[in-house]
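User: I am new to this structure and would like to go through it in short questions. Please reason briefly each time and finish on the name or value I asked for.

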Amino acid sequence: QVQLVESGGGLVQAGGSLRLSCAASGRTFSKYAMGWFRQAPGKEREFVATINWSCGSTYYADSVKGRFTISRDIPKNMVYLQMNSLKPEDTAVYYCAVDQKATDYDTPTYPDAYQYWGQGTQVTVSS
């Protein structure tokens, strides 16, 4: 089992920044991927960003490319999402997730690829 705990959400004005953190504990493997997804009210969960744990390769949704940065801290088993130039449309609950079946360079973008999920953290961007 893998446990994931997100933190760092909050209320911010448009154009502002937030940094989300996700702490992973429990059984982990040397090769996996960690991703961020988000879900706004009345909408489906959508992919935001992912990072391959072993090689560090990343992939972003077009809607956040150039504004968001995903990174990892291997010794701490943490993944981060730095969000800059936030827009009201970024308002959602943000979830981190782990895909333990990922191999080298895998950067899965669909929710069904991920086996473990955190509880989510709310991000609200006011206009």
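User: Which side chain does E46 meet in a salt bridge?

Analyst: The model is a predicted one. A salt bridge requires a Lys or Arg side-chain nitrogen within 4 Å of an Asp or Glu carboxyl oxygen. For E46 the N to O distance is 2.6 Å, and the partner side chain is that of R38.

User: Is R38 buried or exposed?

Analyst: Buried means a relative accessible area under 20%. E46, at 34%, is partly exposed. R38 has a relative accessible area of 5%, so R38 is buried.

User: Where in β5 is the bridge partner of R38?

Analyst: Strand β4 covers residues 33-39, and R38 lies in it. β4 pairs with strand β5, residues 46-52, in the antiparallel sense over six bridges. In β5, the residue that partners R38 is E46.

User: With which other residue does R38 form a salt bridge, at 2.9 Å between the closest N and O atoms?

Analyst: This partner sits in the loop between β8 (78-83) and β9, whereas R38 lies in strand β4, so the pair ties together parts 52 residues apart in sequence. The partner has a relative accessible area of 1%, so it counts as buried. The residue is D90.

User: How far apart are the closest N and O atoms of D90 and R67?

Analyst: D90 is in the loop between β8 and β9, and R67 is in the loop between β6 (58-60) and β7, so these are distant parts of the chain, 23 residues apart. R67 is buried, because its relative accessibility is 11%. D90 and R67 form a salt bridge, and their closest N and O atoms are apart by 2.8 Å.

User: Which residues are linked in a network of salt bridges?

Analyst: The structure holds four salt bridges. Among them are E46 with R38, R38 with D90, and D90 with R67. The network links R38, E46, R67 and D90.

User: How many residues lie between β4 and β5 in their hairpin?

Analyst: β4 and β5 pair in the antiparallel sense, and together they form a hairpin. In its turn, G42 has a positive phi of about 80°. The number of residues between the two strands is six.

User: How many of the seven residues of strand β4 are buried?

Analyst: A residue counts as buried under 20% relative accessible area. R38 of β4, at 5%, is one such residue. Strand β4 is largely enclosed by the rest of the structure, because the number of its residues that are buried is six.

User: Which residue in β9 stands opposite F37?

Analyst: Strand β9 covers residues 92-99 and runs antiparallel to β4. Seven bridges join β4 to β9. Opposite F37 stands Y95.

User: Which cysteines form a disulfide?

Analyst: A disulfide needs two cysteine sulfur atoms within 2.5 Å, and the count comes to one. The sulfur atoms of this pair are 1.9 Å apart. The two cysteines are C22 and C96.

User: How many residues apart are C22 and C96?

Analyst: C22 is in strand β3 (residues 18-26), while C96 is in strand β9. C22 is buried because its relative accessibility is 0%, and C96 is likewise buried at 0%. Their disulfide links distant parts of the chain, residues apart by 74.

User: What is the torsion about the S-S bond of C22 and C96?

Analyst: C22 and C96 form a disulfide. Its handedness follows from the torsion about the S-S bond, so it is right-handed at a value of about 50°.

User: How far from C55 is the nearest cysteine sulfur?

Analyst: C55 is partly exposed, with a relative accessible area of 31%. C55 is in no disulfide. The nearest cysteine sulfur belongs to C22, at a distance of 18 Å.

User: Which strands stand at the edges of the open sheet of four strands?

Analyst: The sheet has the order β1-β3-β8-β7, with antiparallel pairing. Each edge strand has a single partner strand, so one side of each is left without a neighbour in the sheet. The edge strands are β1 (2-7) and β7 (68-73).

User: Which residue in β3 is the bridge partner of Q3?

Analyst: β1 and β3 run antiparallel and are joined by six bridges. In β3, the partner of Q3 is S25.

Terms used:
Residues numbered from 1 in each chain as written. Predicted model: local features only at pLDDT ≥ 70, side-chain atom pairs only at ≥ 80, totals over all residues. Heavy atoms only, no water. Buried < 20%, exposed > 50% of the residue type's maximum accessible area, 1.4 Å probe, protein only. Pairing = 2+ DSSP bridges.
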